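Biologist: I have a structure in front of me and would like to learn how to read its hollows and its strands. Could you walk me through it?

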Amino acid sequence: MTQLEPFLGSLDTLISTAQGSKKEYVMPVLKNLGSVTIPLIREIIAPAAFRNEQQDITDIDDASGIRRVRAVANKFKYGERQRGLQILRYFGAGGSCPQNRTELPKGQTAGSVFDLNTIVFGDSTDVSNKVLPVKASALYTDAVSLLPYADCVGKTFHNRAAEDGTLFDAETKKNSSNLFERYFLKPGTLLVQTVTFNGRTAPVEAVKHFLLCVGLAGAYGGQTSIYGINVRNHIAGIYGAPLERDITSPYVLVDTLGERDNSNIATEKLANIFYERFPISVEPSETSGIVKSMMNKLENNDTDMRKQYVEGSKKISSYFDAWFEGIVG
């Protein structure tokens, strides 16, 4: 991944200083030209549900008027951020707070709760009636289905029966009305999504951590994640340029991918599209090798990998301490 370094930041240069009206202050390094994009094919391998308050799968009409499944960014980001916390805890390099509940105990500094996961996925916490916000460096798009909505969504009928197996409520002396349908994405459905790191603020370590969090498969969707792995992730390479391209939008990409492509063909097509538009590329096979190598090191408790995470966490902790000094501690 060394060829992508000109478009990324460094752990040693996370902060910059600026002169205020009275004194010099510390802030995150200023953004510069540089964009690294990771296109993904999300393959549904077991029923998955992406919905809001309604029971239907979330959807959207594309520019051609075709109704497609639309899984918003958090439907995938949540699970991958969770894995990132687990990785940091495993290496003793962060993850001190539960997901979505970052709290800073009195007397501790920002660097004690913010970590590499914070840089990748973003976070915030309240201190003394002030908010400490950290914007995510990994910018997720929607995940959009290659197939039209009607061709990849199924439904099942459910009821909430009493313990005796009937719908009769002994207390009210009435039959239960707890009858409902549940919608799901069918196995074999493919969705296209991209994740981009812009502005040369994210270090190389952040991109590698993200790749490890994506891995090869995972459980997604609030209702369906409890049933185990339901999505296989296909990474169609990594691409770098001074500026972002319009093809990082999945709504542009769906017009160039075949509705009936399988995961291998869709990944290959996606890689070819990005290869033609970006000056620097890491092809899918090389990317897959990087991910598999990192996963193997993780599972075998590789000493060097653990050392890299721990040493990196110290620099990241110092970065957040310096950034929020004067507000915390």
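**Reading pockets, a cavity and a hairpin**

Modeller: Let us start with the largest pocket: α8 contributes the most to its lining, with seven residues. Keep in mind that this is a predicted model.

Biologist: Which helices each supply at least two residues of that lining?

Modeller: They are α4 (204–214), α7 (284–299) and α8 (303–323).

Biologist: What volume does the largest pocket have, and which residues are closest to its centre?

Modeller: Its volume is about 550 Å³. The lining has 26 residues, and Glu205, Lys208, Met294, Gln308 and Tyr309 are the closest to the centre. By class, the lining of the largest pocket divides into 13 nonpolar, seven polar and six charged residues.

Biologist: How should I read the second largest pocket?

Modeller: In the same order: volume, then lining, then class. The second largest pocket holds about 330 Å³ of space. Its lining is made of 16 residues, with Lys31, Lys135, Ala136, Ser137 and Thr201 nearest the centre. Here too α8 gives the largest share, three residues. Eleven of the lining residues are nonpolar, three are polar and two are charged.

Biologist: And what sets a cavity apart from a pocket?

Modeller: A pocket is open, whereas a cavity is a space where a 1.4 Å probe fits but cannot get out. In this model, a search of the whole structure finds one cavity of 30 Å³ or more. The largest cavity has a volume of about 70 Å³. Its lining counts 13 residues, and those closest to the centre are Arg81, Leu85, Thr102, Val113 and Asp123. Both α1 (74–91) and α2 (116–121) supply at least two residues of this lining. Sorted by class, the cavity lining has four nonpolar, six polar and three charged residues.

Biologist: Asp123 came up just now as a residue close to the cavity centre. Which way do the side chains point along strand β6?

Modeller: Follow them one by one, and you will see that they alternate along β6 (residues 123–127). Asp123, Thr125 and Val127 point to one face and are buried. Ser124 and Asp126 point to the other face and are not buried.

Biologist: Which strand pairs with β6, and in what sense?

Modeller: β7 (residues 130–134) does, in the antiparallel sense, over five bridges. For one example, Asp126 has Val131 of β7 as its bridge partner.

Biologist: How many residues lie between the two strands of the hairpin?

Modeller: Two residues lie between β6 and β7, and in this hairpin Ser128 takes a positive phi near 50°.

Methods
Residues are numbered from 1 along each chain as its sequence is written. This is a predicted model: local features need pLDDT of at least 70, side-chain atom pairs count only at pLDDT 80 or more; totals for chains, interfaces and linings use all residues. Side-chain values use heavy atoms; hydrogens and water are left out. On a 1 Å grid over the protein atoms alone, a cavity is a set of points where a 1.4 Å probe fits but cannot get out, and a pocket is an open set with protein on both sides within 12 Å along at least five of seven lines; lining residues have an atom within 4 Å of a point. Grid points are joined across faces, edges and corners, and a volume is the space filled by probe spheres set on the points. Helices (H or I, at least four residues) and strands (E, at least two) are DSSP runs, numbered from the N terminus. Ala, Val, Leu, Ile, Met, Phe, Trp, Tyr, Cys and Pro count as nonpolar, Asp, Glu, Lys and Arg as charged, and the others, Gly among them, as polar. Buried means under 20% relative accessible area, exposed over 50%, partly exposed in between (1.4 Å probe, protein chains only). Two strands pair if DSSP finds at least two bridges between them.
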